[in-house]
Structure formats: C-alpha cells, structure tokens
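Visitor: I should be grateful for a close look at a single part of this structure, taken step by step.

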Amino acid sequence: ICFFGIDMADINFNPAYGDITILRNDIIKNPTEIEDKYQKMVLLFKTNFNDFKYSPRWGLDLDSYIGMSVDNTLAERIKYKITSALINEKIVNNEDNIEILYIIGKNTINFRVLIKGLKSLNLSFMKEQGFKLIWVY
C-alpha cells in the first residue's frame with residue numbers, strides 16, 4: 001500500500017500468541033510467545049475483580065487484602081493466590097517454574113516473583129494502600 005508516496009504495511013496477526021501490544025503510545029506486534037505471557041502476567045497482577053465487565057472474576061484482586069494484618073499468614077495466602085493464578089492462566093505449567101520470595105516489614109510485604117524464562121516482577125503490598133508494581137526486569 002502506498003500513501004502519499006510512502007510505503008505502508010498492514011499489521012500482521014499471529015494467532016499462535018498475543019497479536020499486538022501498546023507500548024509507549026505505539027502499537028507493536030508481540031515478537032514472541034514469551035512476551036505475550038509476560039504481558040498477560042502484568043495485567044493479571046494489576047487487575048482486580050470487576051475491572052472487566054464480561055470477566056468479573058478475572059485478575060488477582062490483590063487490593064482485597066487492604067487493611068489486613070501484615071504477617072506470614074497473609075504473605076503465604078497471597079503467594080498461594082499468585083501461584084494458582086499463574087498456573088490457571090497457563091503462564092506457567094506447574095509450581096516448579098515459579099519462585100516467589102517475600103520480606104515482611106512492619107506494614108509492608110515485598111514480593112519478588114521469579115518465573116523460569118520470563119522477566120521477574122517485584123511487588124510491594126502496603127497495609128493501607130494495597131499493591132504496587134515496583135519494577136520488572
């Protein structure tokens with residue numbers, strides 16, 4: 001296709017994995033299945049129940065823990081919820097591919113989610129404010 005003398009290309013879609021990603025206000029084609037899984041994982045962590053009208057129970061709903069006592073029991077409950085969701089959403093095949101570490105502070109739990117073959121995620125849970133995605137690498 002030629003538009004004002006400039007060659008244009010159509011977007012190619014690959015049904016084997018996620019087709020496109022919006023990155024820095026631009027649409028790009030996902031280069032790999034790994035990138036698609038990574039995008040799905042980040043969305044899963046950021047999504048609470050009822051965020052999506054037609055999938056009201058999708059997401060980790062991590063903000064539901066706001067106000068709860070910060071202790072080992074809560075950290076283990078959140079760790080289990082994360083592990084189960086990553087397996088159910090087929091981001092990983094089994095628990096052997098996931099390692100979730102955490103450090104408990106006075107009113108904070110810091111998590112690091114390590115997944116074989118993907119970037120790791122660092123999250124911070126604050127008793128009064130909920131979850132925040134700190135960084136990804």
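In which sense do strand E6 and E7 pair, and over how many bridges?

Guide: The model is a predicted one. Strand E6 comprises residues 108-115, and E7 pairs with E6 in the antiparallel sense over 6 bridges. Within this pairing, phenylalanine 111 faces leucine 123 of E7. The two strands form a hairpin with 5 residues between them, and in this hairpin glycine 117 adopts a positive phi near 90°.

Strand E7 itself covers residues 121-126, and 5 of its 6 residues are buried, so E7 is largely enclosed by the rest of the structure.

E6 also pairs with strand E5, residues 98-104; the two run antiparallel and are joined by 7 bridges. E5 and E6 likewise form a hairpin, with 3 residues between the strands. Here phenylalanine 111 appears again, as the bridge partner of tyrosine 102. Phenylalanine 111 of E6 is thus placed opposite leucine 123 on E7 and is bridged to tyrosine 102 in the pairing with E5.

The aromatic residues of this region may be taken next. Tyr102, Phe111, Phe125 and Phe131 form one aromatic cluster. The whole structure contains 4 aromatic pairs. In one of them, phenylalanine 125 and phenylalanine 131, the ring centres are 5.0 Å apart and the planes meet at 45°, so the pair is classed as tilted. The two values are quoted together because a pair of aromatic rings is described by the distance of the centres and the angle of the planes. Phenylalanine 125 has a relative accessibility of 0% and therefore counts as buried. Phenylalanine 131, at 16%, is also counted as buried.

The segment that precedes these strands helps to place them. Lysine 90 lies in the loop between H2 and E5. Its phi is positive, near 60°, in a residue other than glycine. This is worth noting because most residues other than glycine have a negative phi. With 64% relative accessibility, lysine 90 counts as exposed.

Helix H2, residues 72-88, comes before this loop. At 1.5 Å a residue, its 17 residues should span 24 Å, and the C-alpha atoms at its ends are indeed 24 Å apart, so the two values agree. The buried residues of H2 are Leu74, Ala75, Ile78, Ile82, Thr83, Ala85 and Leu86. They occupy an arc of only 165° around the axis and therefore sit on the same side of H2. On the face turned away from that buried side, H2 carries the exposed residues Thr73, Tyr80 and Asn88. The N-terminal end of H2 is capped by aspartate 71, which has a side-chain oxygen 3.3 Å from the backbone nitrogen of threonine 73.

A further loop lies between helix H1 (33-46) and H2, and asparagine 48 has its place there. Asparagine 48 has a relative accessibility of 17%, and so counts as buried. Leaving aside residues up to four places away in sequence, asparagine 48 touches Trp58, Asp61, Leu62 and Asp63. With aspartate 63 there is a polar contact of 3.1 Å between the side chains. The C-alpha atoms of asparagine 48 and serine 64 are 8.0 Å apart, although 16 residues separate the two along the chain.

Aspartate 61, one of the residues touched by asparagine 48, belongs to this loop between H1 and H2 as well. Its phi is positive, near 55°, in a residue other than glycine. Aspartate 61 is buried, with a relative accessible area of 14%, whereas lysine 90, which also has a positive phi, counts as exposed.

Helix H1 completes the account. H1 has 14 residues and extends 20 Å from its first C-alpha to its last, close to the 20 Å expected at 1.5 Å a residue. Its buried residues are Tyr38, Met41, Val42, Leu44 and Phe45. They span an arc of only 160° around the axis, which puts them on the same side of H1.

To return to the part in question: E6 pairs antiparallel with E7 over 6 bridges, and 7 bridges join E6 to E5, again in antiparallel fashion.

Technical notes: Residues are numbered from 1 along each chain as its sequence is written. This is a predicted model: local features need pLDDT of at least 70, side-chain atom pairs count only at pLDDT 80 or more; totals for chains, interfaces and linings use all residues. Side-chain values use heavy atoms; hydrogens and water are left out. Helices (H or I, at least four residues) and strands (E, at least two) are DSSP runs, numbered from the N terminus. The expected span of a helix is 1.5 Å times one less than its number of residues. Buried means under 20% relative accessible area, exposed over 50%, partly exposed in between (1.4 Å probe, protein chains only). The arc is that of the directions from the helix axis to the C-beta atoms. A polar contact is a pair of N or O atoms within 3.5 Å; within protein, one must be able to donate a hydrogen and the other to accept it, and residues adjacent in sequence count only if both atoms are side-chain atoms. Contact means heavy atoms within 4.5 Å. Rings of Phe, Tyr and Trp (its six-membered ring) pair if their centres lie within 6.5 Å; planes under 30 degrees apart count as stacked, over 60 as edge-to-face and the rest as tilted. Two strands pair if DSSP finds at least two bridges between them.
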